[in-house]
Amino acid sequence: MSEQKRQSEDKLLEKVTSSEYKYGFTTDVESDTIPKGLSEDVVRIISAKKNEPEWMLQYRLKAYNAWLEMEEPNWANINYTKPNYQEIIYYSAPKQKPVLDSLDDLDPEMKEMFDKLGISIDEQNKLANVAVDIVMDSVSVATSFKETLAEKGIIFCPISDAIQDHPELVKKYLGSVVPARDNFFSALNAAVFSDGSFCYIPKGVKCPMELSTYFRINEAGTGQFERTLLIADEGSQVSYLEGCTAPMRDENQLHAAVVELIAMDNADIKYSTVQNWYPGNAEGVGGVFNFVTKRGICHKSAKISWTQVETGSAVTWKYPSCILKGDNSIGEFFSVAVTNNRQQADTGTKMIHLGKNTKSTIIAKGISAGKSEGNYRGLVRISKGATNSRNFSQCDSLLMGNKCGSHTFPYIEVKNNSSKVEHEATTSKIGEDQIFYCNQRGIGTEAAIALIVNGYCKDVLNQLPMEFAVEAQKLLEISLEGSVG
Amino acid sequence: MGLIKNIKSYSEGIQISAEKREILTSFLSNGFPTTKDEEWKYTSLKKVIANEYSIENKGTIIDSSVIEKYSLGLKNKIIFSDGRLINSPSIKGVNINGFSEFESANTDSILQLNKALSKNGFTISVDKNTALENPIEILFFSTTVNGFSQYRNQISIGENSEVKFIERLQNLNNSASFVNHFTQINCAENTKVEYNKIQNNTAESQLIDTVNVYQEQDSTCNINTLIFGGSFIRNNLNFEQNGSNCESNMNGVSILNNNQLADNHTFVDHKSAHCRSNEMYKGVYLDNSKGVFNGKIMVRPDAQKIDAFQSNNNLLLSDTSSIDSKPQLEIYADDVKCSHGCTIGQLDDDALFYMRSRGIGIEEAKAVLTYAFASEAIENISVEQVKSLAKKLLAKKLNVDLDFSL
């Protein structure tokens with residue numbers, strides 16, 4: 001490469017690396033917080049504040065005791081200073097929980113924040129036909145379209161409400177896919193989760209709209225422990241969207257969420273995520289620790305599809321998984337993970353084939369820039385009884401700059417001889433010839449890179465619902481700003 | 001009891017240096033790796049080390065008919081009997097000696113044990129500018145019942161030299177022997193080395209084989225591993241490229257049946273720019289056999305313009321066979337082309353039907369397809385005798401009377 005070209009490329013990379021987080025701001029809403037630290041009392045306080053029944057308190061305490069005996073995992077290819085769990089505030093809620101009949105009742109400051117994010121609830125309500133359950137610092141502040149959904153028998157509410165109103169469902173399914181003892185972070189979550197979403201789609205119902213929740217971390221030093229439980233009963237269908245943006249903070253914030261999906265016979269769940277937590281500044285100071293456990297179980301002929309666009313967080317540790325328990329069930333995982341500056345991501349999926357004729361597809365695209373590290377870690381396990389199963393995995397990595405790293409750790413375990421598994425992975429940079437081709441046709445280098453990155457991620461972005469696809473593209477642009485026009 | 005106890009009581013009766021004693025003490029307190037170690041996640045040594053072994057080798061004289069039986073009939077033969085060097089050819093430009101001490105960088109506990117206990121092995125040095133026409137055949141015979149042996153070998157190839165090796169470990173009884181084999185190959189600038197391993201030992205034999213290859217600028221090193229016999233085989237193959245324009249090639253074929261286990265771990269460390277590596281491992285699993293593959297490619301920062309390709313293809317031909325595969329890429333440089341592919345599947349029913357409808361028996365049809373599957377890796381071997389032996393062993397293993405060397 002000519003010296004001049006190298007220089008211009010360096011400049012470009014510098015621009016990319018120096019682009020700042022766009023959504024960094026905080027909202028001043030008075031919060032009702034409890035002192036920091038974690039103890040049995042804190043768990044009891046959280047449970048009491050939520051006015052929870054005794055069985056829920058017992059569930060939390062059991063999880064807390066399990067957590068005490070567990071060690072924080074360190075097998076992932078990430079380096080970070082382990083959070084001090086006694087320095088975290090485990091509960092904070094906007095002081096008054098407004099009961100909203102219309103959006104006008106919303107705190108104007110909060111409204112402004114949503115506008116800055118470009119969410120504009122009223123617009124979404126009217127135009128996008130999306131029911132938005134906004135979670136701000138652990139407590140839901142706005143729930144819409146509830147009535148429309150209720151007509152169909154769909155329950156979509158904060159999980160704290162579900163514990164009060166539908167204890168039989170929560171009791172039956174909570175922890176059934178991700179047991180409290182599953183791992184360090186899931187145990188922590190089970191002990192202290194303050195809120196999250198609950199969704200139940202009755203038999204044979206096709207959810208008429210996309211369900212979505214916006215998560216935000218707002219209070220300084222507050223860890224957010226979301227719990228999502230989504231049950232799709234026999235023959236039902238639902239598409240669920242989850243998106244995150246977080247204000248800029250210099251302190252590391254912990255996010256340890258648990259998402260459980262249950263797809264009964266013939267049900268179909270599509271779960272999409274756009275994640276843009278604060279990634280820390282260019283020197284790697286601050287940023288969110290995103291340690292999430294997401295898992296779904298598929299019964300007979302059911303389908304679960306995970307789509308994620310991960311651009312934020314200083315450290316990501318996340319493996320949305322499918323347990324293909326029923327015969328003929330299908331699991332899918334589509335992911336774009338972008339890391340920049342000093343971000344680290346260790347993400348991937350697990351496909352556990354238990355039933356006969358089960359199928360899974362994995363498409364993972366990683367983009368690493370700056371001094372970041374991107375990892376794909378995946379497991380495909382075909383058990384003895386999973387005859388005629390099929391898996392296809394593809395994980396590609398794109399490197400931008402020579403200071404970043406990209407790694408793949410696929411685990412493939414096959415225990416029967418009628419299944420087919422294919423795995424392929426590539427690592428490369430954007431070809432000079434590709435950029436030259438575009439330049440030659442009058443497309444500037446930045447636009448060319450944007451074009452190529454978009455094309456590279458197309459397989460995954462195509463899986464997103466319309467509204468999210470637009471937002472995801474915006475995020476890619478912001479994350480790789482300077483090179484992506 | 002078990003191996004750890006055997007080693008302990010053996011070590012009490014021998015004279016070794018303080019350094020080795022220290023290594024041994026630390027080994028004995030830590031023990032062998034378990035499935036909790038990431039590198040041994042899928043392969044358990046539990047059964048292997050539960051057996052009783054005899055560590056002191058007796059060293060019996062073997063007669064020439066035995067040698068003939070297992071040799072490929074090449075001119076240059078290095079022969080060991082229970083670790084004792086009993087024959088070494090004199091070749092111009094090549095120095096062949098018995099065991100010598102040398103340092104190895106790898107700190108894996110199996111190698112530590114090898115370092116502490118080894119008394120046998122070969123040391124070969126090839127002079128500068130030497131191109132050998134005939135390959136060198138290396139045979140290790142063992143007559144000890146339930147022997148646990150350590151071999152420690154070093155090969156140093158001088159600049160601009162070219163040489164080929166064929167290595168075979170052979171038990172002369174049916175006992176459950178266990179060999180901890182280590183070979184270090186130093187390739188100087190502009191050398192070409194091919195090292196073929198024929199792993200077709202007796203049914204109960206067990207082996208941990210480690211090869212460390214250090215390459216300098218412009219060198220090419222090919223390591224071919226053919227796995228047919230033995231109950232437990234673990235291969236660790238490590239390449240380190242220390243100069244530009246190096247090429248490392250690995251080919252592996254495993255055809256396993258009964259309760260055999262073969263674990264292939266490979267690691268290519270691309271430390272310099274403008275290098276290449278190619279890896280192709282094919283596995284065929286019958287009966288209750290189990291395969292493990294772990295291929296790691298590391299590209300260090302600033303090692304630009306690397307082309308690294310890895311493929312691992314597996315055929316599961318029985319209900320009870322299994323495979324665990326973990327192809328890994330760790331890339332710290334951007335201007336590289338690295339890829340890995342892994343497939344696990346079966347023989348194509350349509351192809352089988354096609355052949356059967358033309359009067360070819362099911363076993364033969366399967367064998368032809370299996371051969372076609374494995375041949376890609378076998379064809380990369382340049383020594384004709386090894387190639388034809390591989391084909392013969394393949395036919396034998398698949399229970400057919402076919403000659404693939406057409």
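# Worked exercises on a predicted two-chain model

The buried residues of helix H2 (residues 40–49) of chain A are A:Val42, A:Val43, A:Ile46 and A:Ser47. The model is predicted, and the exercises below begin with this helix.

## Exercise 1: a helix with two sides

Task: Work out how the buried residues of H2(A) are arranged around its axis, and what they pack against.

Solution:

Step 1. Look down the axis of H2(A): the buried residues fall within an arc of 135 degrees, so they line one face of the helix.

Step 2. Turn to the other side of H2(A), where A:Asp41 and A:Ala48 are exposed.

Step 3. Follow the buried residues of H2(A) to their neighbours: they pack against helix H3 (54–69) and helix H9 (184–192) of chain A.

Step 4. Go just past the end of H2(A), and you will find A:Asn51 with a positive phi of about 55 degrees.

## Exercise 2: a short strand between two partners

Task: Describe strand S19 (residues 350–353) of chain A by the burial of its residues, and find the strands that S16 and S21 of chain A contribute as partners.

Solution:

Step 1. Sort the side chains by direction. A:Lys350 and A:Ile352 point one way from S19(A), while A:Met351 and A:His353 point the other way. All of these residues are buried.

Step 2. Take one partner, strand S16 (residues 321–324) of chain A: it runs parallel to S19(A), and four bridges join them. Here A:Ile323 stands opposite A:Ile352.

Step 3. Take another partner, strand S21 (residues 373–382) of chain A, which is also joined to S19(A) by four bridges and runs parallel to it. In S21(A), A:Arg381 is the residue opposite A:Ile352.

## Exercise 3: where the chains meet

Task: Find how many residues of chain A and chain B are in contact, and which elements of chain A are involved.

Solution:

Step 1. Count both sides: 28 residues of chain A are in contact with 31 residues of chain B.

Step 2. Identify the elements on the chain A side. Strand S22 (390–400), strand S23 (405–414) and strand S24 (420–429) of chain A each give two or more residues to the side that touches chain B.

Step 3. Sort that side of chain A by class, which gives nine nonpolar, 13 polar and six charged residues.

Step 4. Look for strand pairing across the chains. S24(A) pairs with strand S19 (residues 336–345) of chain B in the antiparallel sense, over seven bridges. In that pair, A:Glu424 has B:Gly341 as its bridge partner.

Step 5. Add S23(A), which six bridges join to strand S18 (residues 322–331) of chain B; these two run antiparallel. A:Ser406 stands opposite B:Ile331 in S18(B).

## Exercise 4: the chain B strand that meets S23(A)

Task: Explain why S18(B) can be called largely enclosed, and find its pairing with S16 of chain B.

Solution:

Step 1. Check burial along the strand. Ten of the ten residues of S18(B) are buried, so the strand is largely enclosed by the rest of the structure.

Step 2. Separate the two directions. B:Ser322, B:Asp324, B:Lys326, B:Gln328 and B:Glu330 point one way from S18(B), and B:Ile323, B:Ser325, B:Pro327, B:Leu329 and B:Ile331 point the other way.

Step 3. Find the pairing within chain B: strand S16 (residues 290–299) of chain B and S18(B) pair in the parallel sense over ten bridges. In this pair, B:Ile297 stands opposite B:Leu329.

## Exercise 5: two domains in chain B

Task: Describe how domain 1 and domain 2 of chain B are placed and how they touch.

Solution:

Step 1. Set the bounds: domain 1 of chain B covers 3–362 and domain 2 covers 363–406. Their centres, taken over C-alpha atoms, are separated by 21 Å.

Step 2. Count the contacts: 29 residues of domain 1 of chain B are in contact with 23 residues of domain 2 of chain B.

Step 3. List the domain 1 elements that each supply at least two residues of the touching side. Among them are strand S7 (162–171), strand S9 (192–200) and helix H6 (349–356) of chain B.

Step 4. Class the residues on that side of domain 1: 18 are nonpolar, seven polar and four charged.

## Exercise 6: how confident is the prediction?

Task: Give the average pLDDT of chain A and examine the stretch 137–142.

Solution:

Step 1. Chain A averages a pLDDT of 80, and 75% of the residues score at least 70.

Step 2. Over residues 137–142 of chain A, the pLDDT is below 50; this stretch has 32 contacts in the model beyond near neighbours in sequence.

Technical notes. Residues are numbered from 1 along each chain as its sequence is written. Chains are lettered from A and ligands numbered from 1 in the order in which they are written. Domain bounds come from an automatic or database domain assignment. Two residues are in contact if their C-beta atoms, placed from the backbone, lie within 7 Å. Ala, Val, Leu, Ile, Met, Phe, Trp, Tyr, Cys and Pro count as nonpolar, Asp, Glu, Lys and Arg as charged, and the others, Gly among them, as polar. Two strands pair if DSSP finds at least two bridges between them. pLDDT is the predictor's confidence in each residue, from 0 to 100. A residue is buried if 20 or more other C-beta atoms lie within 10 Å of its own, exposed if 12 or fewer, and partly exposed in between; C-beta atoms are placed from the backbone. The arc is that of the directions from the helix axis to the C-beta atoms.
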